[in-house]
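Biologist: Please take one chain of this model and go through it closely, from its overall build to its interior, its contact with the partner chain and any unusual backbone geometry. A connected account would suit me better than a list.

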Amino acid sequence: MIVQVKGKPEFIQIQWIPRYTTMERVVHWFHTATFSLLAITGMFLFFPFFQPLIQGQAGITFRLIHRVAAVIYGLVPIIYLILQPRRFLMHIKEFLPQKEDIGWLKAVPAYYLLGKHEAMPPQGRFNAGEKLNGLITIIAWLVFGFTGLLMWFGKGVIPPGLFRWLVIFHDLAMIVSVCMFLVHLYLAVAHPLMWNALVNMRFGVTAVDYAAEHHTKWFYGPKRAMELWEAKKREGAH
Amino acid sequence: MAKILLVDNDPGFVNSTRRALQSKGHEVMTAASGEQALAMMRKEKPNLVLLEIMMSYVLEGLDVVREMAKDPALKDIPVIVVTSLKGTKVKAAQPLESYAAVDDWLQKPVSPDQLLARIEEVLKVKAA
């Protein structure tokens, strides 16, 4: 992206665009660290074949780490909301699905497996996959918070039948969110077409070319992005 | 004293810049989107536009410059870009598509003194 300044011999070239604020990145990495700790300690408590490893003092330590990590995991979004309410709400709004997201999800196998980008409708700052990841993360946070707090402080008080249901919902949220986490981790770290994803979250910026291709609506604006996509489709049809 | 249109969707920057400009006697109008900015320009005919590039989408400010260049009533209004985008100076290049040139380029954070000095400079060149 190049802009000319009148009366000056040089041009201004922009190669990187700010995509994530410092707060968004701090929240993301705290969430990642605490979620990873929770997933690891939780699995030791969840799978019966790990049970011999967490007897006695080891079990107490694992439960303590799980609870400390849970408190930080729970507080991170609340601190974000308190410090930057406007940005937080804007962020949540950006995760809400839009009609073109269905087309993106339909076209996604051909893109990730065969590298075919033409059928994918233009996306905003977050693509449909990132929105799905974001929504699952929010729902899981709510379920973990609700069930986790009741299990932590309600043991012996809550009827055993209800307690069992809390454990089931806590485990289901864990299974879904760990699966989503693994997909997210693979795409962010290893998939060859997502070369810019890790840079985005490490440094907060994205390359101009990457933004123009992967986040067309955010880069060009909705109107022009649709025009470009229609033109690309017409070209593909010939 | 000039009539200045400040186009930015960051309320913090808009408020502090408005205060700095008004303290020097400038009349300040504000717009938080490209569309709003163009409507205000057509109605109020400002002497100068201070423009953020990246607003609700990355190229929104450059679309404003392009629209201004197409409109005979707006094409002579000087534009100073004040942006959060980090640009590097290059000697030779081909400007992107049909985007028009701007009168000056400042990168945030920018001090009020620096901004006022550049405004004076651009207005002086325009008046000459």
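**Chain B in detail**

Modeller: Buried residues make up 34% of the 128 residues in chain B. The model is a predicted one, and local features are described only where pLDDT is at least 70. Chain B holds four helices and six strands, and along the sequence they follow the pattern β-α-β-α-β-α-β-β-β-α. The radius of gyration is 14 Å, close to the 14 Å that the globule rule gives for 128 residues, so chain B is as compact as a globular protein of that length. The C-alpha trace of chain B spans about 40 × 35 × 30 Å along its principal axes. Of the contacts in chain B between residues at least 6 apart in sequence, 67% join residues at least 24 apart.

The interior can be approached through strand β4 of chain B, residues 79-83. Five of its five residues are buried, so the strand is largely enclosed by the rest of the structure. In a regular strand, side chains alternate between the two faces of the sheet. In β4(B), B:Val79, B:Val81 and B:Thr83 point one way, while B:Ile80 and B:Val82 point the other way, and all are buried. Strand β3 of chain B, residues 48-51, runs parallel to β4(B) and is joined to it by three bridges. Within this pairing, B:Val49 stands opposite B:Val79.

B:Val49 also appears among the neighbours of B:Val7. Leaving aside residues up to four places away in sequence, B:Val7 touches B:Ala31, B:Ala37, B:Val49, B:Leu50, B:Leu51, B:Glu52 and B:Val64. The largest nonpolar core has 42 residues, and B:Val7 and B:Leu50 touch the most other members of it. Another core, of seven residues, lies apart from it and includes A:Val27, A:Ala69, A:Tyr73 and A:Val76.

The contact between the two chains takes 24 residues from chain B and 19 residues from chain A. On the side of chain B that touches chain A, the elements giving two or more residues are α3 (60-70), β5 (87-90) and β6 (104-107) of chain B. The largest share, four residues, comes from β5(B). By type, the residues on this side of chain B divide into 13 nonpolar, four polar and seven charged. Strand pairing crosses between the chains here: strand β2 of chain A, residues 11-14, and β5(B) pair in the antiparallel sense over four bridges. In this pairing A:Ile12 stands opposite B:Lys89.

Some description of the partner is needed for context. Chain A has 10 helices and four strands, in the order β-β-β-α-α-α-α-α-α-α-β-α-α-α. Its C-alpha trace spans about 75 × 45 × 30 Å along the principal axes. Buried residues make up 21% of the 238 residues in chain A. Among contacts in chain A between residues at least 6 apart in sequence, 63% join residues at least 24 apart. One of the helices of chain A, α5 (residues 128-153), has 26 residues and reaches 37 Å from its first C-alpha to its last, close to the 38 Å expected at 1.5 Å a residue. Buried residues of α5(A) include A:Ala140, A:Phe144, A:Thr147 and A:Gly148. The buried residues of this helix pack against α2 (56-83), α3 (85-95), α4 (100-114) and α6 (160-189) of chain A.

Two places in the backbone of chain B remain. Most residues other than glycine have a negative phi, and most peptide bonds are trans. B:Lys45 is not a glycine, yet has a positive phi of about 45 degrees. B:Lys45 lies in the loop between α2 (34-44) and β3 of chain B. With 12 other C-beta atoms within 10 Å, B:Lys45 is exposed, the cut-off for that class being 12 or fewer. The second place is the bond joining B:Lys108 and B:Pro109, a cis peptide bond with omega about 0 degrees. B:Pro109 sits in the loop between β6 and α4 (112-127) of chain B. Strand β6 of chain B, which precedes that loop, is also among the elements that give two or more residues to the side touching chain A.

Technical notes
Residues numbered from 1 in each chain as written. Chains lettered and ligands numbered in written order. Predicted model: local features only at pLDDT ≥ 70, side-chain atom pairs only at ≥ 80, totals over all residues. Core = buried A, V, L, I, M, F, W, Y, C linked by C-beta atoms within 7 Å. Buried ≥ 20, exposed ≤ 12 C-beta atoms within 10 Å, placed from the backbone. Contact = placed C-beta atoms within 7 Å. Rg over C-alpha atoms; globule rule 2.2 N^0.38 Å. Expected span 1.5 Å × (residues − 1). Nonpolar A, V, L, I, M, F, W, Y, C, P; charged D, E, K, R; others polar. Pairing = 2+ DSSP bridges.
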